[in-house]
2 protein chains.
Amino acid sequence: MKTRITELLGIKYPIVQGGMMWVGTADLAAAVSNAGGLGIVTALTFPTPEELVKEIARCRDMTDKPFGVNVTILPAITPPPYEEYVQAIIESGVGVVETAGRNPEPFMPAFKAAGIKVIHKCTSVRHALKAEAIGCDAVSVDGFECAGHPGEDDVTNLVLIPAVAAKLSVPILASGGIANGYQMAAAFALGADGINMGTRFFATQEAPVHENVKQAMVDADERQTSLMLRTLNNTVRVYRNKISEEVLAIEARDGKTDFAEIQPLVAGTSGRTKVLDDGDVNGGIWTAGMVIGLINDIPSCDELLKRIIAEAKEAAETRVGVFLS
Amino acid sequence: MKTRITELLGIKYPIVQGGMMWVGTADLAAAVSNAGGLGIVTALTFPTPEELVKEIARCRDMTDKPFGVNVTILPAITPPPYEEYVQAIIESGVGVVETAGRNPEPFMPAFKAAGIKVIHKCTSVRHALKAEAIGCDAVSVDGFECAGHPGEDDVTNLVLIPAVAAKLSVPILASGGIANGYQMAAAFALGADGINMGTRFFATQEAPVHENVKQAMVDADERQTSLMLRTLNNTVRVYRNKISEEVLAIEARDGKTDFAEIQPLVAGTSGRTKVLDDGDVNGGIWTAGMVIGLINDIPSCDELLKRIIAEAKEAAETRVGVFLS
């Protein structure tokens, strides 16, 4: 199959594995790329630009297919050396970069000069328009359903994808809330040229995550996520567990964030060790999309992508095919 | 075209106009039914069962096609005489009833004995399963996007429709967030057998609503709705205006509902006169779905349904058709 996304990225299927902190290593990225999608190594998972360069080389050893690197730009008191990461990515010869968080405009000249295709993650029509205006080659539209940061507008992909598609010229990846091929077909009906999945790839054989975490995603229903930190205007969708509930209780108590109370809960429990390595799914905060309710197994990436394409084809033939009769 | 919904309801297109207080009169319902969908008269818009019977007769004068009646069962200190309304509906010979709000189980034996098809509106998988278990003929699944009461789970239709479709045997109407045929095709890809629209029908020539209100919907973008009364566990999605913002400010101030403050704002401004009749769109609370961001004109119902079916066909041929090549 051919779409604007397969053409732009030089891949077989228009399926991108979005950047994920701690999970977006060469192992997962290479597996997705070998399966015909676009795998993405997440830059800030590696503590220095040098270690990122090594991971990119490791990914290249595992696949001869295209893959990309995610750079998420967030406000921080002591921000990572973004320029050094960007320079390392450019020198490593990667062809695709996924940017997320703040406006990637400062880095665009360097990416464009290196011939890198830039996909920017957006949570609103206005940000998608801005991304197009600064020269991004595609946008990845994150609806309210997504894991991590959905923004503060709470517009769902059923509405957001058509709203963006009505105004943009560059290709669109539907991101958030998608785990199967029926949903992929739906995203295409809404105007997307491809899909981006994070949470679904979290629960694959190749994801570098403890088996308990994958099993928790299989066991969860669609109500097992929460939005925390809304009172900071920094909303984040996470797996609902004891700690996320404690944070929400603090936020609900007086309608604002008590930093002193919340900070230790969040800072002391996030990161990878306790949840992702030890498999203590209630031992910390971890992001998960609403779509965990539709995840029922832990396939290999190859198995997953083949199934998704088969489901999308079935949807086109039968479910949506009813409009052709 | 033929789907389980067109067969069940005896209609041309699998498009239902959901019940809407004040708006679901015979004028709108007959227009939708004449256009090939299923129009729905909203029972409680009429102050007595006798007046509802007259409205049903008026609707029958305007169309020889099937139409239905909505009965929304809400908790109230002095509830309307539901049994009398139900009896009036049955005696009037209507073939389809849409129930919403509380579990319609008490009224099911009477409906079934009269051969009436019952569609129940649900906002969750568990309520959909319950509706099927008590004998409803179809469910209308209201996602987070919908106008009015989306429930408290905040699960969007991109996830909720597939989750319900995986567990139910009866036909499914996707409800909430849908205004065009691309979205209708998406709903079918997700597992729906038809769609239910409210907000989109609000902005049609035949809706008995002041022109200013329709124009406000055309002018609004997808961020122009708010969820209020969450602190009462009675969340309602409304058009965002000065009064809804005041209610939200009161709720946010101390994380709970100050009844004494909110009640006069809501009670004093809702109902039809100020907004729907006088066209003062900021003069009261009125419900609107997130999909107002995708409404750009005020067509007749006939024009709208023809266009939606053409768009869905186009989506099937081109957008989703890419999976067939």
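In chain A, H120(A) stands opposite V139(A) of strand β6(A). Strand β5 (residues 117-122) of chain A and β6(A) pair in the parallel sense, over 4 bridges. Two strands are said to pair if DSSP finds at least two bridges between them. Helices (H or I, at least four residues) and strands (E, at least two) are DSSP runs, numbered from the N terminus.

This is a predicted model, in which local features need pLDDT of at least 70 and side-chain atom pairs count only at pLDDT 80 or more, while totals for chains, interfaces and linings use all residues. Residues are numbered from 1 along each chain as its sequence is written, and chains are lettered from A and ligands numbered from 1 in the order in which they are written.

## The sheets

The pairing of β5(A) with β6(A) belongs to an open sheet of 8 strands in chain A, with the order β1-β8-β7-β6-β5-β4-β3-β2 and parallel pairing. Its edge strands are β1 (15-17) and β2 (39-42) of chain A, each of which pairs on one side only. On average, neighbouring strands of this sheet are turned by 25° against each other, direction ignored. Strands of a sheet pair through backbone hydrogen bonds, either parallel or antiparallel.

Chain B also has an open sheet: 8 strands with parallel pairing, in the order β1-β8-β7-β6-β5-β4-β3-β2. At its edges stand β1 (15-17) and β2 (39-42) of chain B, each with a single partner strand, so one side of each has no neighbour in the sheet. The average turn between neighbouring strands here is 25°, direction ignored. Helix α2 (residues 26-34) of chain B packs on this sheet and touches β1, β2 and β3 (67-73) of chain B; the direction of α2 makes about 165° with that of β2(B). Axes are lines fitted to C-alpha atoms, for helices over the stretch in contact, and angles run from 0 to 180 degrees between N-to-C directions.

Within the sheet of chain B, strand β5 (residues 117-122) and strand β6 (residues 138-142) pair in the parallel sense over 4 bridges. I119(B) stands opposite A138(B) in β6(B). K117(B) is also found in strand β5 of chain B. K117(B) is buried, with 20 other C-beta atoms within 10 Å. A residue is buried if 20 or more other C-beta atoms lie within 10 Å of its own, exposed if 12 or fewer, and partly exposed in between, with C-beta atoms placed from the backbone. Apart from neighbours within four places in sequence, K117(B) is in contact with L8(B), L9(B), G95(B), V96(B) and D137(B). Contact means that the C-beta atoms of two residues, placed from the backbone, lie within 7 Å. K117(B) and D137(B) are 20 residues apart in sequence, and their C-alpha atoms are 5.9 Å apart in space.

## Helices

In chain A, 8 of the 9 residues of helix α7 (residues 157-165) are buried, so the helix is largely enclosed by the rest of the structure. Those buried residues are N157(A), L158(A), V159(A), L160(A), I161(A), P162(A), A163(A) and V164(A). Their cover includes α6 (125-133), β6 (138-142), β7 (172-175) and α8 (181-190) of chain A, together with α7 and α8 of chain B.

In chain B, the axes of helix α11 (residues 242-254) and helix α12 (residues 259-267) come within 10 Å and cross at roughly 165°. That makes α11(B) roughly antiparallel to α12(B), a term for angles over 145 degrees. At this contact, I243(B), E246(B), V247(B) and I250(B) in α11(B) meet E261(B), I262(B), L265(B) and V266(B) in α12(B). These residues divide into 6 nonpolar, no polar and 2 charged. Ala, Val, Leu, Ile, Met, Phe, Trp, Tyr, Cys and Pro count as nonpolar, Asp, Glu, Lys and Arg as charged, and the others, Gly among them, as polar.

## The contact between the chains

The contact takes 44 residues from chain B and 44 residues from chain A. On the side of chain B, α7 (157-165), α8 (181-190), α11 and α14 (301-319) each supply at least two residues. The largest share, 7 residues, comes from α8(B). By class, this side has 25 nonpolar, 10 polar and 9 charged residues.

## Positive phi in two loops

Most residues other than glycine have a negative phi. The table gives two residues with a positive value.

| Residue | Phi | Loop | C-beta neighbours inside 10 Å |
|---|---|---|---|
| N233(A) | near 55° | between β9 (225-228) and β10 (236-239) of chain A | 9, exposed |
| L229(B) | near 65° | between β9 (225-228) and β10 (236-239) of chain B | 18, partly exposed |

Technical notes
Parallel < 35°, antiparallel > 145°, perpendicular 65-115°, else oblique.
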